[in-house]
Structure formats: C-alpha cells, structure tokens
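Biologist: Could you take me through one part of this model in detail? I would like to look closely at a pair of packed helices and then see the setting they belong to.

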Amino acid sequence: MRDLVLALNPRTYFTRVAVYQGNSTLFFKKINHHNLEKGINPSFNDQVEYRTSVILKELEENDIEIKHIKVVIGRGGLIKPVESGVYRVNEEMVQDLRSAEFGEDVVNLGGLLADGIAKAIKGAHAYIADPVVVDELQDIARFTGRPEFKRRSIFHALNHKISARKYAKIKYAEYEDMNLIVAHLGGGISIGAHKKGRVIDANQAYDGDGPFSPIRSGSLPMGDVIKMCYSGKYTKEEMLKMQTGEGGLYAYFKTYSAYDVCQLRDAGDEKAEEVLSAMAYQVSKYISSLYVCFEGEAVDGVILTGGLAKDDKFVREIRNRVEVIAPVYVIPGAEVLGALSYYGQMILRGETEIKNY
Ligand SMILES: Nc1ncnc2c1ncn2[C@@H]1O[C@H](COP(=O)(O)OP(=O)(O)O)[C@@H](O)[C@H]1O
Ligand SMILES: CCCC(=O)OP(=O)(O)O
C-alpha cells in the first residue's frame, strides 16, 4: 500500500467514502450515520468530529493503512465563487465553510471532513475539486431585475465537468471545442450551458432558480413568497429551509428520495405520476431556455446525468421534448468519488495546478 487517495462525499445521513491506489479501488463504503436519522440533528459544524472519527475507524477496521493516505479530497461546498480546478483546503476556506456565510448545506462537510482527516494523518493534505461555486458565468447571465441582486453560480460543477469530458471523449472531441447542455438530475437539479469548456449560464441550484428538484423548490412565485415571509407564521430559517432542503418532491411526499417517489409512480400513484411529470417538464423547459446561450451555434449534445437519470420514464419525458435541440446522451448516476479520485491521482502525479483559495 502506498500513495493512497481518500475521497469523501458527505450526504445528510451518510458519507460515501472510497480509497484508491492508482486506478484500483481499495475500499468503498456508504457509511450510514444512524444517530443523525434518529432525529438528533446537530449543525453540520457539530458533525465534523463525529463523522471524522467514524470514517477513520471504518478505514482501520477494513485494514486500510491510513499512514499511506497522501491526498484527502472532498466534495467542494458553498464558499466564495472560484474558477474551476483543484484547491488546497486552507484556514480561510475552513472559516468560510464553518461560518456558512455563503450558504449552509451538507456539501460543506466535504472540505471540513477532508481537513479534519488530513490533520489526523501525518503527511496527508486536504483538497477539494470543482466545488459547487465554480463561476464561469458570462456577465449578461448575472443580471436580475433589481441592481441589488446578482445571480450567483451554484451548480454541480464536479459532475457537470466530468460528464461533459466523458461525452467529449466518446465523440473524439475536446470539451473545450464543444457546445453542450448538461443537466445534473440529483437531490438538487442544475442545468448548465457549457460553451467551449465554460459554463456560461446555469440555474442557481441551491436557493436560486430553475426547476424544482427532489429537495429544492427552484423558482417560486416571488410575490407569494414575500407575503408568506411576512405572514408571521414562519421564521427566517423555516423559509430558507423551504427553499433549500424541504422543497420539491420532499414538499409533496415527505421523502428525500426521488427513487421512492418513482416507485410510488410505478405502483400506480397518480400524484407521484403528476408531480414527477411536472418536474420533467420544468427540466425540459430550462434545458430549452439555454439554447439561446450559444448565439445560433449548434449544440453538440444534451447530457442527462445524476441519480434521476437512472429512471427511464423521467428521462424519456425529457428526451422527447429536447432532442430537437441536440442528441441526448444519458450518464446515469453521479460518479462523485470517481471524479474526486481522478483529481487526487493528478495531484499525486503533479499534473494539476493546486489553486489557492
Ligand atoms: N434508480 C433511480 N431512480 C430514480 N431516482 C434515483 C435512482 N437512483 C437514485 N435516485 C435518486 O437520485 C437522487 C440522488 O442523486 P445523486 O445524483 O446521486 O446525488 P446528489 O443528491 O448529490 O445530486 C436521490 O433523490 C435518489 O433517490
Ligand atoms: C449545493 C448546491 C448543489 C446541490 O444541489 O447539491 P446536491 O444535489 O448534492 O444537494
């Protein structure tokens, strides 16, 4: 065992963890945090120590010699806007993740856990790659209807870029030469216009706009939201939660799992059928709206990826509406850990610039 990469993808009730040596996967596990499910819900900050110790224990129990881990790389969270690439987790990043100044989400644990674990292993360093705040928006895409508000770039940059590069490879082309529309259909849904290797527009998938998703509300009727804020019935935290973590399918079905809602639909539940179709309709509308970003240039492909891209019916409903724009290519699931490992190997080989946050 030598020069290992530890990759981390924290989710609300579990952490996906994998250890790689070169192209070999030595360990892969979805580590469940059952005590979080039981309703004891400490803030994400307060979960760092607990998750760190559980992960280290799992590695030891599975005979991973942690002293050989050189790179600990986590999914990158809500920090300041940055360019695409690999970043060393430094104190400023830890500070921004802990303060949640740019938004509070489980994804923030990626950098914090990488930091905590790397500090426990001599010779290991912590990194993130292509965090959700990668910002390549063209200036015109930043405008809103009020000068006080600017649109932010928050999308699944890691899976978008990896999926787009995968498609480019299949087409014997360079990502940087292609025009693509990529839709990540996961817990959150983000849809981006990739023009010659840059994501020049995308829905703000955290608390901004776009289709509703399994857990997020997407665009809501603004006037009604404002009235609700002042109704006296909800706190600021409750209103924010409505948008970011308890919207979309969760609001209709009280489950965080789109898979469960698809199962309901397949069992004949009419409401599930209707709401899933409405989500597919909104996704299709947003994909179509990005066509204008290419200023008349041809679009080389529409890529559907993420967990919901595994559902044939959901995919079919989108494909039928958007294949007029470009060929539709489906990459089911999101290879987050694989993508992080890819960057981890590049770090070890000295083949990627390590950017400063
Ligand atoms: N076969 C499937 N059919 C429908 N939905 C699925 C399927 N597999 C996973 N999902 C859903 O995909 C979502 C997770 O998406 P994923 O891309 O893995 O992660 P993320 O939440 O990070 O975007 C969950 O809501 C999950 O229930
Ligand atoms: C935090 C914005 C990106 C997002 O929605 O991530 P998840 O789908 O992993 O919740």
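Modeller: Happy to; here is the helix pair, followed by the rest of the chain around it. Please keep in mind that this is a predicted model.

Two packed helices are described by the angle between their axes and the distance between the axes. The pair to look at is helix α10, residues 270-289, and helix α11, residues 312-322. Their axes come within 9 Å and cross at roughly 35 degrees. The hand of this crossing of α10 and α11 is right-handed.

If you would like to find the contact on your screen, start on α10 with Leu-276, Ser-277, Ala-280, Val-283, Ser-284, Ile-287 and Ser-288. On α11, the residues they meet are Phe-314, Glu-317, Ile-318, Arg-321 and Val-322. Sorted by class, this contact holds seven nonpolar, three polar and two charged residues.

Now for the setting. The chain has 12 helices and 12 strands. Its radius of gyration is 20 Å, close to the 21 Å that the globule rule gives for 357 residues, so the chain is as compact as a globular protein of that length. Along the principal axes, the C-alpha atoms fill a box of roughly 55 × 50 × 50 Å. Of the 357 residues, 44% are buried. Among contacts with a separation of 6 or more, 70% are between residues 24 or more positions apart.

Ligand 1 is another place worth a visit. There are 14 residues around ligand 1, and the closest are Gly-186, Gly-187, Ala-258, Tyr-259 and Gly-307. Helix α9, residues 258-266, gives the most to this shell, with three residues. By class, the shell around ligand 1 has six nonpolar, six polar and two charged residues.

Finally, two backbone details. Most residues other than glycine have a negative phi. Asp-3 is not a glycine, yet its phi is positive, at about 40 degrees. You will find Asp-3 in the segment before β1 (4-10). Asp-3 counts as partly exposed, because 15 other C-beta atoms lie within 10 Å, and a buried residue would need 20 or more. Ala-100 also has a positive phi without being a glycine, here about 55 degrees. Ala-100 sits in the loop between α3 (91-99) and α4 (109-119), and it is partly exposed, with 15 other C-beta atoms within 10 Å.

Notes:
Residues numbered from 1 in each chain as written. Chains lettered and ligands numbered in written order. Predicted model: local features only at pLDDT ≥ 70, side-chain atom pairs only at ≥ 80, totals over all residues. Axes fitted to C-alpha atoms, helices over the stretch in contact; angles between N-to-C directions. Helix = DSSP H or I, 4+ residues; strand = E, 2+ residues; numbered from the N terminus. Left-handed = near helix turned anticlockwise from the far one by under 90°. Contact = placed C-beta atoms within 7 Å. Nonpolar A, V, L, I, M, F, W, Y, C, P; charged D, E, K, R; others polar. Rg over C-alpha atoms; globule rule 2.2 N^0.38 Å. Buried ≥ 20, exposed ≤ 12 C-beta atoms within 10 Å, placed from the backbone. Near = placed C-beta within 6 Å.
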